[in-house]
Every structure is written in C-alpha cells, then in structure tokens.
Amino acid sequence: MTSPVPHLVTDIPGPRSRQLHAERERAVARGFGAALPVFVSHATASTLEDVDGNILIDLASGIAVTSVGAANPRVRERVSAQLDRFTHTCFMVTEYESFVRVAEWLNSHVPGDFDKRTALFSTGAEAVENAVKIARAATGRPGILVVDEAYHGRSLLTMAMTAKEHPYKTSFGPFPGDVVRVPNANPLRGEGTEAALAALEETIAEHGAEAFAALVVEPIQGEGGFVVPDAGFLAGLRRITAENGILLVVDEIQAGLGRTGRLFASEHEGIAGDLTLTAKALGAGLPLSAVTGRADVMDAVHIGGLGGTYAGNPLACEAALAVFEELEKPELLPDVRRIEETIRHHLEPLEAAIDAVADVRGRGAMMAIEFADAETLEPRADLAQRISAACHAAGVLTLTCGTFGNVIRLLPPLVIDPVVLERGLEILTDIIRSTCRAEEAAA
Ligand code: PMP
C-alpha cells in the first residue's frame, strides 16, 4: 500500500454519491436495499474507491463474491480474452470447452470420494432450485428438509426454504409446499447437537422417510448469522439422511471456495454432501453457480430437464477458471487462516471486556461478532446497526446479518492486504469499544 487507507475526502456518502442515489430512487424499484449508498468507481484487492474519491476498506467482498479481489488481474485477462472470442452461444445450443473444464475442476475438488457430475447455472438460488429438481428426480420423493435460520435465496421455492420472514418473504406468499423445517444446532442459542438430531429423527418418523427427497443445509450459515453449528451436527445429518434414503445437499454458496480456510466448509466436519452447491466466489462476480454431486443422482434427470439460457455463460466460466488458478496457489488457504487469526486477535478480547458482545465466531475469512444483552441474550440489533453505520462513516465497509439483525459479519477478500485488514479491524474495534462504553456509562 502506497498511501494509507481508508482515505476520506468527503463525508460518506459524498455529494456525488448522494446525487446518484437520488437519481437511483427515481429510476430503480424501491425493493432493493443498500447497505451503504455509495457509488463505486474502482476497486483493488482490498479497497473500493467511490465516485467522490473516497477509498474504503472492503470487509464485505460484495457478500462473499470477490474472494480473489474485485479487480483480479487473472480474471480480467481470461474474461477479456473470452470477450474477444464470443460472449454467448447457450450451452444447450452449441458447446464450448470452458464449461467442461469448470465442471471437471469442481468434480475433482468438491468433497466426496465418488464419481461426480456438475451442472452450471447463474445464481445461487438457481443452484438450490436445481438441486431440489435433481433430488426429486433421483429419489421419486417430494419433500425438502431445511433447518432453522437457513438462507437459500429469494426465488419462490428458495424463499420457502429460507427461514427469516422479513425482509425476504413478507407479502410474497403463498410459497411452494413440501418444505419442512427442523432445529439448528446453534451453539449460542440452540439446545445442542443431540437435541437437534433427535428432533430431525422425530420429524422423519412423523412424515415417513419416503416423504423427503433431500435435506439442504449450509455448513456455516451465512445470512442466518455466521452460525458454525455445534460439533457433530453436520456428521449427524450425514448419518441420518443416509440411513433414511434422503439426499444431503450442502449449500456452500457463501462458505465454499476457500472462504473458511479450507476449499469447502464441509471439510472442517469431514462430511461430503450427495450434492454440493457453489456460486458467489465461483465467478468472481460474473454470475455463475453449480450443482456438483454423485453421478448417479445427477444423471437421474432426463435429457433436456436441466438448463437455462445463460447457464454456465462463457465469460463466467473463464472467470471461474481464473478463480481456480488463484485457489490453487499454495499460499492462499494459509493466508485465509491467517486472516482468521488476525480477526480473532482483534475481536476476541472484546468478548470479556464488553458486556454486549455475546459471541465472536466463524472460520477463516467468514467471521462475525454478535451483540446481545449479557444476561438475557436479548438480541441487540440496534447496536450492530449503529456500529456498522459508524464503520461506514469511518471508511470501513462492514455488513450485518443474523435472524435478529444483531450480528456484524466480516467477509474480507481472501487476498486482502494484511496491513489494510489490520487497519480496518482497528477502526472496527475502536468503534465497538467507544459505542458500548458510552452506553455502559449512560446506564
Ligand atoms: N445460499 C446461500 C447460503 C447464500 O448465502 C445465498 C446468497 N446470499 C444464496 C443461497 C442465494 O444466492 P443468490 O443470491 O446468488 O441467488
């Protein structure tokens, strides 16, 4: 880094961003939120520059998408070369090699010591929907099991699978049926692995195993609050689904592809889904998602049953091949584990020092801090929102999440400059301390 960041030359948002935001309000449907109404002009591996010339530290990666950086040179090279060749054929009309190469890479790297096939799509929700189609075709069963606090997308079926009502589902029902929710093993708020697994077994017994095609689970929940489940929960799901002929679908859309310090988050628990879903970081921002899984399950679908006009777009496939090159660099995953150490070094002391800090958790570059009342665990969304807003004003882009909105999540690019990460964390922790101390003093 040549000059220190964040580098602020106006208030955040600045005048040009404010003007563009006003124009946006007249042109864009109101339903889109904005975590930080700042308009971006450029990005580096660690920062975002806005249209007013402010440079912000990026601890969001466009929600876990720009893991290799939002301006990765290898992505640019591969995508530009593809732009010169062609932008689209539709893989269902005429084929191109990069689609096959992406499928091969995923088949050989996704957990599971079995023959695999991959289907490419565009968005995460589309991957989830197609996993359900494939699971139904392979099992001849209708139902889908999902867990509390899950997030799987905003399409009609995936809204039904997503737990949180507001803002995701409010006023959009009715939703497709045959989706049944079971408890999560949330270490802070749940009742433990044994109780959660017993509830799952009871639900399966009540409905009959033949009611369920698949259980879909995030190995670490994203929007639900970066919940790393109690040890043994994922292994328990793996065992119980296998015993009941139910397919296990692991939604690695947010946690996968290096984010947690392993290539896939399910590796931390030593499990493999029958189907594994990827998106987000896969295309480095070009829309690409995938369902990868057991060859016999994937190939249960009739020819013509899967597809989509843009599924596995050639620009996005080239971006994915560049992402794979980055993920294969020997230093990448150790760097992600160092990001976790750095974040823990800054955030963990706050747990003991500040009453309202209920938990610091996560893996790799997917870390979170939860705010709640020290005695009752009553969620403190107000604190998380205030702290996040103060970070934005100070030039650090953080996001909130969680069923109760009381969690600040950190999703830095996996290639963030360590000096920039340190600076971002110093600003964040200073703001947490000053906000919480002011409140404790007033109480
Ligand atoms: N599954 C998980 C775990 C996710 O985090 C998301 C996106 N936040 C989705 C599915 C849906 O992905 P998309 O927004 O690309 O449809």
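In the predicted model, the side chains of Arg189 and Glu370 are joined by a salt bridge, with a nitrogen-to-oxygen distance of 2.7 Å. By the domain assignment of the chain, Glu370 falls within domain 1, which is made up of the segments 15-58 and 331-442, whereas Arg189 falls within domain 2, which spans 75-327. Across the interface of these two domains, 3 salt bridges are found in total, and the count of residue pairs in polar contact between domain 1 and domain 2, with both partners at pLDDT 80 or more, is 13.

On the side of domain 1 that touches domain 2, at least two residues each are supplied by the helix α11 (332-353) and by the strands β11 (357-363), β12 (366-371) and β15 (407-410). Of these contributions, that of β11 is the largest share, amounting to 5 residues. Classified by residue type, this side of domain 1 comprises 19 nonpolar residues, together with 6 polar and 6 charged ones.

Taken over C-alpha atoms, the centres of the two domains lie 26 Å apart, and the contact between them involves 31 residues of domain 1 and 26 residues of domain 2. The area buried between the domains is about 2200 Å², and carbon and sulfur atoms account for 59% of this area. Within domain 1, the residues that lose the most area to domain 2 are Arg363, Met366 and Thr403, which together provide 33% of what that side buries.

How values were computed:
Residues are numbered from 1 along each chain as its sequence is written. This is a predicted model: local features need pLDDT of at least 70, side-chain atom pairs count only at pLDDT 80 or more; totals for chains, interfaces and linings use all residues. Side-chain values use heavy atoms; hydrogens and water are left out. Domain bounds come from an automatic or database domain assignment. Contact means heavy atoms within 4.5 Å. Buried area is the accessible area (1.4 Å probe) that two parts lose on being put together, summed over both. A salt bridge is a side-chain nitrogen of Lys or Arg within 4 Å of a carboxyl oxygen of Asp or Glu. A polar contact is a pair of N or O atoms within 3.5 Å; within protein, one must be able to donate a hydrogen and the other to accept it, and residues adjacent in sequence count only if both atoms are side-chain atoms. Helices (H or I, at least four residues) and strands (E, at least two) are DSSP runs, numbered from the N terminus. Ala, Val, Leu, Ile, Met, Phe, Trp, Tyr, Cys and Pro count as nonpolar, Asp, Glu, Lys and Arg as charged, and the others, Gly among them, as polar.
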